[in-house]
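Here are a few exercises to work through with the model open beside you. Try each task before you read its solution.

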Amino acid sequence: MTGIVTLNPVSPEAAAISHLFVAILIILGGIFLLVTVLVLYAIARYRDRPGAPEAKQVFGSRRLEIAWTVAPVLLLTLIGVFMIRAIEASDPPIEDRKPDLRVVGHQWWWEIAYPKSGAVTANEIHIPVGKSLLVEVDSADVIHDFWVPELGRKIDAIPGHVNYVWISADRPGVYQGVCAEFCGAEHTWMRMIVVAEGEGDFDAWQRAQLATPAMPSDGEAARGLTILKDQTCLNCHAISGLAGNQTVGPDLSHIASRRILAAGAVANSPENLFRWLKNPASIKPESHMPNFQLSDEKVRALVAYMETLK
Amino acid sequence: MSDIAAADRIAPVEAEREGLLSWVASVDHKQIGIMYLLSGLVFFGLGGLEALIIRTQLAIPGNSIVTPDTFNQLFSMHGTTMIFLVIMPVMAGITTYVLPLMIGARDVAFPRLNALSFWIQLFGGILLYFSFVAGGAPNAGWFSYAPLSEPAYSFNNGVTYWILGLAGVGIGSLAGAINMAVTVLKLRVPGMTIRRLPLFAWITMVNSFLMIFALPVINAALVLLLADRLLNAHIFTPAFGGSAVLWQHYFWGFGHPEVYIMILPAFAIISEVIPVFSGKPIYGYEFVAASTVAIAFMSFAVWAHHMFAVGLGHLFDLFFGISTMAIAVPTGIKIFNWTATLYQGRIRFTTSMKFAVSFIVMFTIGGLSGVSFAVVPLDWQLTDTYYLVAHLHYVLFGGSIFAIFAGIYYWFPKMSGRMLDERIGNWHFWTTFIGFNLTFLVQHLLGMMGMPRRVFTYPDWPWWMTLNMISTIGAFTLLASVIIFLWNIRISLGAGAPAGDNPWDAWTLEWATTSPPPAENFALVPPVRGRRPLWDLAHPDRADELVAAASGE
């Protein structure tokens with residue numbers, strides 16, 4: 001969802017920030033108007049005109065100085081009180097809760113794991129509506145930042161410095177998230193989505209993610225599986241049921257169930273998957289995924305196989 | 001000070017040199033000041049060009065006029081250039097030129113060191129730009145966060161050039177700051193006590209001390225990062241036991257005072273221009289001076305408001321949130337004093353004054369949006385978005401650059417002997433004002449809509465293209481404004497109206513000598529018995545001290 005997302009909260013945590021934001025905008029807007037009106041009045045009223053009297057040589061007023069020192073102090077104290085209340089509301093303590101979700105930033109995609117169930121995916125987080133989940137945020141390389149504006153605060157993903165943040169959504173929907181800390185060439189396309197759905201849908205999704213995908217035995221999909229094994233795909237990607245390395249590239253076990261490809265650069269469709277496998281740079285120029293110079297026929301077979309990974 | 005002692009301290013006038021050599025070999029503060037300004041202007045052109053390419057790339061979604069890596073080099077260089085090679089040297093240029101004249105001195109305290117400062121910082125700038133032809137410019141941002149700036153993630157030599165270039169600028173600026181501080185403390189004309197010091201000199205002195213304490217932090221951190229890059233020291237690489245967060249503490253430990261290093265000279269300029277064109281002394285002199293000292297001290301206790309998203313704990317965030325809000329108080333005092341100076345004045349709307357008055361309002365916007373980053377939970381939403389890009393440009397362009405233009409229009413007649421054209425100046429002002437606000441006002445909204453900083457493109461969502469396009473149109477309006485400014489300088493240098501000694505009826509000592517001043521600055525320095533020596537000279541019956549005494553102040 002788009003729009004003025006920072007003022008369109010969908011979680012209690014985001015709402016605490018949004019309400020604070022509105023209050024502060026009103027206060028700051030008031031001060032801005034005061035200064036602007038004073039300046040505009042002064043330059044209109046005291047503009048040099050022929051015959052205007054010489055300016056009065058005034059050096060200052062202690063009383064006024066005290067006034068415009070004390071007034072801002074009081075106003076800032078008020079803002080400070082608002083702030084202290086909002087800090088706890090927008091970022092509640094984690095106490096001794098074990099994380100429900102583990103999000104690891106990579107150049108340039110998000111690794112998503114559900115430690116309690118063992119489900120693993122990438123760039124697409126599913127959460128049950130109305131439940132607060134605790135997210136552990138980590139990085140595999142440089143500093144990233146996990147940010148879903150409608151659902152709350154952003155928090156850095158720093159190597160060697162694990163962070164925690166709550167995530168929840170009051171109503172079903174697909175919420176846009178993004179890496180908010182500059183992390184290198186493709187920082188732009190390090191997006192993610194958060195799908196908030198009913199408890200039943202969430203459980204079904206999680207079960208599907210945990211299932212080992214069936215191996216196709218004939219047709220184009222089976223040829224695709226052979227090509228995948230012959231090539232070096234599994235050096236970087238994991239598919240459950242096949243020996244693979246999941247620390248470099250996204251887990252592909254259920255890639256066909258996902259909505260976005262290349263961390264949000266394009267929608268996930270067979271056509272876009274074809275373009276991606278044919279030449280990743282045509283979609284995401286500096287992606288770490290190499291161009292394997294595969295023939296159209298081989299790429300078609302790979303796409304056919306990967307479309308079975310629901 | 002006796003005349004004999006003074007004569008001893010004056011270096012013998014150098015033998016006349018001709019042409020380029022008379023500049024390159026110069027240790028005269030006026031020539032060095034002008035060279036600072038010229039080098040700043042050249043880098044302003046380069047940094048501006050980088051900004052225009054950035055804005056052209058972002059005009060429409062999915063644009064690909066530059067590659068992602070080139071885009072990253074461009075914004076890294078834009079930020080580094082504008083901060084270290086434009087605002088700092090231009091402020092140094094104005095200060096180097098004006099300060100000795102304003103306090104009635106023959107030159108700065110250490111003229112040769114002054115030349116070294118300029119040349120070493122220029123060399124740093126050239127080294128930085130040499131990276132473009134030496135394998136690629138720095139691409140890790142002006143902040144070079146580790147581990148992205150480490151060799152494992154930044155493959156070209158750009159960041160190494162960035163380190164060496166900045167070290168040059170840092171050393172040059174540090175030497176310059178020492179020079180200015182000593183100049184104010186030791187070379188004031190007899191009678192000019194600290195309480196009678198023009199506010200420009202006051203604020204320059206405070207700023208010099210701020211630089212003396214802040215710059216070594218970055219210089220030391222640069223050496224550590226260089227050790228990481230060249231010697232595999234792993235100080236900032238967590239995979240080998242280093243700390244990525246440590247670099248941020250070092251960087252912002254310097255980086256936030258740096259913001260004030262860029263804005264205090266702007267306050268200094270505004271505190272001269274507004275009183276002169278209002279025909280009144282500055283309102284609340286003591287409060288403007290004291291609030292500067294307060295800002296300088298407090299600026300060392302706010303650095304971690306750049307790090308609220310790092311996850312350092314609520315108590316930590318709260319401390320820096322409150323300290324950051326507190327620094328808004330002395331800043332607000334200044335804004336109210338400048339505004340009060342306008343009251344009951346006789347305001348002459350010269351181009352310089354137009355820039356100065358709009359500075360008050362533009363800087364207020366930047367200051368207020370800054371408060372929204374002090375409020376920790378808002379920072380958690382807004383940091384690293386275009387809201388922050390808007391904020392920092394309202395401070396550094398609407399603030400520092402507007403003040404620089406006010407200062408250039410104000411002192412150009414002193415430097416060149418000719419007035420800048422006011423009619424072209426009016427065009428320059430309005431194109432700058434409109435272009436600036438077109439470019440940056442909409443960026444607040446883009447940030448609130450979730451557009452992160454430092455992205456080379458963005459999804460085609462409702463309003464995103466419209467707002468980005470407005471911003472790009474604003475950027476090209478600014479290009480027009482800069483061309484008008486250059487044109488004004490060109491024709492005014494040749495055919496501008498002669499300035500005379502004191503074209504603005506100003507009160508500080510630099511206007512008591514010829515325009516441009518002779519090599520030795522003054523044939524005779526007028527007596528200084530108050531803050532406005534030339535006012536006292538023109539109105540002996542209503543001298544400031546007498547008026548103040550009569551009113552019981």
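**Exercise 1. Odd backbone spots**

Task: find the loop that holds Gln293(A), and decide whether this residue is buried or exposed.

Solution. Start with the place: Gln293(A) sits in the loop between helix 6 (270–278) and helix 7 (296–306) of chain A. Helices (H or I, at least four residues) and strands (E, at least two) are DSSP runs, numbered from the N terminus. Next, the backbone: Gln293(A) is not a glycine, yet its phi is positive, about 55 degrees. Then count neighbours: Gln293(A) has 8 other C-beta atoms within 10 Å, so it is exposed. The cut-offs are 20 or more other C-beta atoms within 10 Å for buried, 12 or fewer for exposed, and partly exposed in between, with C-beta atoms placed from the backbone.

A word on the ground rules. This is a predicted model, in which local features need pLDDT of at least 70 and side-chain atom pairs count only at pLDDT 80 or more, while totals for chains, interfaces and linings use all residues. Residues are numbered from 1 along each chain as its sequence is written, and chains are lettered from A and ligands numbered from 1 in the order in which they are written.

Now try Asn521(B), another non-glycine with a positive phi, about 75 degrees. Asn521(B) lies in the loop between helix 15 and helix 16 of chain B, and with 21 C-beta neighbours inside 10 Å it counts as buried. That loop, between helix 15 (464–495) and helix 16 (533–538), also holds Pro516(B). The peptide bond from Ser515(B) to Pro516(B) is cis, with omega near -10 degrees. For background, most residues other than glycine have a negative phi, and most peptide bonds are trans.

**Exercise 2. Two helices in chain B**

Task: at what angle do helix 4 and helix 8 of chain B pack, and which residues meet?

Solution. First the geometry: helix 4 (residues 68–102) and helix 8 (residues 244–278) of chain B pack at about 35 degrees, with axes 10 Å apart. Axes are lines fitted to C-alpha atoms, for helices over the stretch in contact, and angles run from 0 to 180 degrees between N-to-C directions. Then the residues: Ile83(B), Ile87(B), Met88(B), Met91(B), Ile94(B) and Thr95(B) of helix 4 meet Met262(B), Pro265(B) and Ile269(B) of helix 8. Contact requires C-beta atoms, placed from the backbone, within 7 Å. Last, sort them: eight are nonpolar, one is polar and none is charged. Here Ala, Val, Leu, Ile, Met, Phe, Trp, Tyr, Cys and Pro count as nonpolar, Asp, Glu, Lys and Arg as charged, and the others, Gly among them, as polar.

**Exercise 3. Where the chains meet**

Task: how many residues of chain B touch chain A, and which helix of chain B gives the most?

Solution. Count first: 75 residues of chain B are in contact with 72 residues of chain A. Helix 10 of chain B gives the most to its side, with 14 residues. By type, that side of chain B divides into 49 nonpolar, 19 polar and seven charged.

For a close-up, go to Thr2(A), in the segment before helix 1 (12–45) of chain A. Leaving aside neighbours within four places in sequence, Thr2(A) is in contact with Gln176(A), Met449(B), Trp461(B) and Pro462(B). With 14 C-beta neighbours inside 10 Å, Thr2(A) counts as partly exposed.
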